[in-house]
Amino acid sequence: MQRLQSYLDSHGIANWPHIKTHKIPAIAQMQIAAGAAGITCQKIGEVEIMAQAGLRNIFLPYNIIGEAKLNRLMELAQQIEISVTADSAFVVDGLAQAAQQHQVTMPVLVEFDTGLARCGVQTPQQAADLAYRIDRQSNLVFDGLMTYPLNERTDSFVQQTRAILEKDRVSVRRVSVGGTPQMWQAHEHPVVTEYRAGMYIYGDRYTLKSGAMKLEEVAFSVITTVVSRPTPDRGILDGGSKTFSSDLVGLDGYGLILEYPQARIYSFSEEHGHFDFSDCLEKPEIGERLTVIPNHCCSVTNLFNEIVAVRDGVVETIWPVAARGAVQ
Ligand SMILES: Cc1ncc(COP(=O)(O)O)c(C=O)c1O
């Protein structure tokens with residue numbers, strides 16, 4: 001937490017950590033205390049829980065659609081500082097109407113696509129057109145540009161959009177980008193004004209593979225027990241897809257067993273993890289407890305009621321995962 005904060009501070013980039021990874025208000029408060037400008041949430045349900053816990057500056061980079069969700073968003077905007085994104089006229093018009101009804105002024109960033117092929121406008125001209133549309137609404141403010149993930153296409157997209165908008169004196173105040181694998185490269189992108197990293201708070205097997213964190217920095221693991229060893233080379237853990245999710249995120253196997261790094265978790269039933277240890281010199285025994293670093297900490301967090309915080313082998317605190325399942 002402190003290392004990323006210091007790095008971003010030293011480059012004048014505002015830190016907006018993504019709390020979808022931990023979903024725990026106490027950790028969000030620690031991120032703010034360490035110097036974050038605000039937090040990022042992915043769903044309105046998360047924002048509601050964080051706002052209730054006292055978080056006051058929240059970025060929601062999501063297209064909010066439909067009367068029920070727009071009402072919840074505007075009610076939040078009456079209590080806290082909140083900004084959102086849009087990538088279509090449909091979303092902008094919905095936001096404009098709801099903001100007017102609730103007499104709220106809502107900052108809106110335009111999301112652009114840098115290659116993920118998820119949400120986001122496709123060209124700088126489309127980004128500029130949407131910015132103009134936002135600016136024309138009495139209760140919306142065009143606040144800048146947002147993308148995920150940060151990559152080599154980001155800067156030129158922002159520069160080209162800016163060039164169009166500047167002719168009409170519309171300024172791009174915020175350029176918000178994100179992604180843990182790319183976080184240490186943020187300073188190589190002069191257009192970036194703020195950063196959203198999520199996984200950095202814990203780390204996982206995917207983060208290790210990306211090179212953004214080292215094994216000794218990874219804080220997240222699931223302690224499992226070997227409940228069966230039906231053959232000399234195959235064992236069963238008491239955690240399956242309901243513990244680890246089925247996220248492969250492009251990796252081979254489903255997790256790293258610290259005590260047996262050569263072992264391979266090759267498949268899951270709901271409550272059973274199937275692992276092969278034919279490449280291990282020592283073989284795990286029934287009853288052994290194994291520490292597994294999952295592939296993707298964000299999905300695993302959402303499957304557990306609590307996170308146990310341990311320092312030097314001693315339990316310091318147990319955090320309820322307050323925004324667990326808050327996906328609506
Ligand atoms: C919009 C957005 N911002 C930021 C992030 C954080 O990225 P990471 O999980 O790599 O830290 C994500 C992750 O999915 C995201 O979807």
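Trainee: In which loop is the place of Ser245?
Mentor: This is a predicted model, where local features need pLDDT of at least 70, side-chain atom pairs count only at pLDDT 80 or more, and totals for chains, interfaces and linings use all residues. Residues are numbered from 1 along each chain as its sequence is written, and side-chain values use heavy atoms, with hydrogens and water left out. Helices (H or I, at least four residues) and strands (E, at least two) are DSSP runs, numbered from the N terminus. Ser245 is placed in the loop between helix H9 (241-244) and strand S11 (255-257).

Trainee: Is Ser245 buried or exposed?
Mentor: Buried means under 20% relative accessible area, exposed over 50%, and partly exposed in between (1.4 Å probe, protein chains only). Because its relative accessible area is 12%, Ser245 is buried.

Trainee: What is the phi of Ser245?
Mentor: Most residues other than glycine have a negative phi. Ser245 is a residue other than glycine, yet its phi is positive, near 65°.

Trainee: What is the phi of Gln103?
Mentor: Gln103 has its place in the loop between helix H5 (89-101) and S5. With a relative accessibility of 72%, Gln103 counts as exposed. Although Gln103 is not a glycine, its phi is positive, about 50°.

Trainee: Which residue does a cis peptide bond join to Tyr148?
Mentor: Most peptide bonds are trans. The bond in question has an omega of about -5° and is cis. The partner of Tyr148 in this bond lies in the loop between S6 and H7; the residue is Pro149.

Trainee: In which order do the 8 strands of the open sheet stand?
Mentor: Two strands pair if DSSP finds at least two bridges between them. The pairing in this sheet is parallel. The edge strands, each pairing on one side only, are strand S1 (14-15) and strand S2 (39-40). The order is S1-S8-S7-S6-S5-S4-S3-S2.

Trainee: Which residue in S8 is the bridge partner of Asn15?
Mentor: S1 and strand S8 (residues 194-196) pair in the parallel sense over 2 bridges. In S8, Asn15 is matched with Tyr195.

Trainee: Which residue in S8 is the bridge partner of Gly178?
Mentor: S7 and S8 run parallel and are joined by 3 bridges. In S8, Gly178 has as its bridge partner Arg196.

Trainee: Which residues of S7 are buried on the side opposite Arg174, Ser176 and Gly178?
Mentor: S7 is mostly covered, with 5 of its 5 residues buried. In a regular strand the side chains alternate between the two faces of the sheet. Both faces of S7 are covered: Arg174, Ser176 and Gly178 are buried on one side, and on the other side the buried residues are Val175 and Val177.

Trainee: Which residue in S7 is the bridge partner of Gly144?
Mentor: S6 is joined by 3 bridges to strand S7 (residues 174-178), and the two run parallel. Within this pairing, Leu145 stands opposite Val175. The bridge partner of Gly144 in S7 is Arg174.

Trainee: Through which helix does the chain cross from S6 to S7?
Mentor: A crossover is right-handed if, with the strands pointing away from the viewer, the path from the first strand over the helix to the second runs clockwise. The β-α-β crossover from S6 to S7 is right-handed, and its helix is H7 (residues 154-166).

Trainee: Which helix makes a right-handed β-α-β unit with S5 and S6?
Mentor: Strand S5 (residues 106-111) and S6 pair in the parallel sense over 6 bridges. Val108 stands opposite Phe142 in S6. Strand S6 (residues 140-146) is mostly covered, with 6 of its 7 residues buried. The helix that completes the unit with S5 and S6 is H6 (residues 124-136).

Trainee: With which residues is Gln31 in contact, leaving aside its neighbours within four places in sequence?
Mentor: Gln31 lies in helix H2 (residues 25-33). Gln31 counts as buried because its relative accessibility is 1%. Contact means heavy atoms within 4.5 Å. Leaving aside neighbours within four places in sequence, the contacts of Gln31 are Met1, Gln5, Pro17, Ile19, His22, Ala36, Tyr200 and Ile201.

Trainee: With which residues is Thr224 in contact, leaving aside its neighbours within four places in sequence?
Mentor: Thr224 is part of strand S9. A relative accessibility of 1% is why Thr224 counts as buried. Once neighbours within four places in sequence are left aside, Thr224 is in contact with Leu237, Asp238, Phe244, Glu288, Arg289, Leu290 and Val292.
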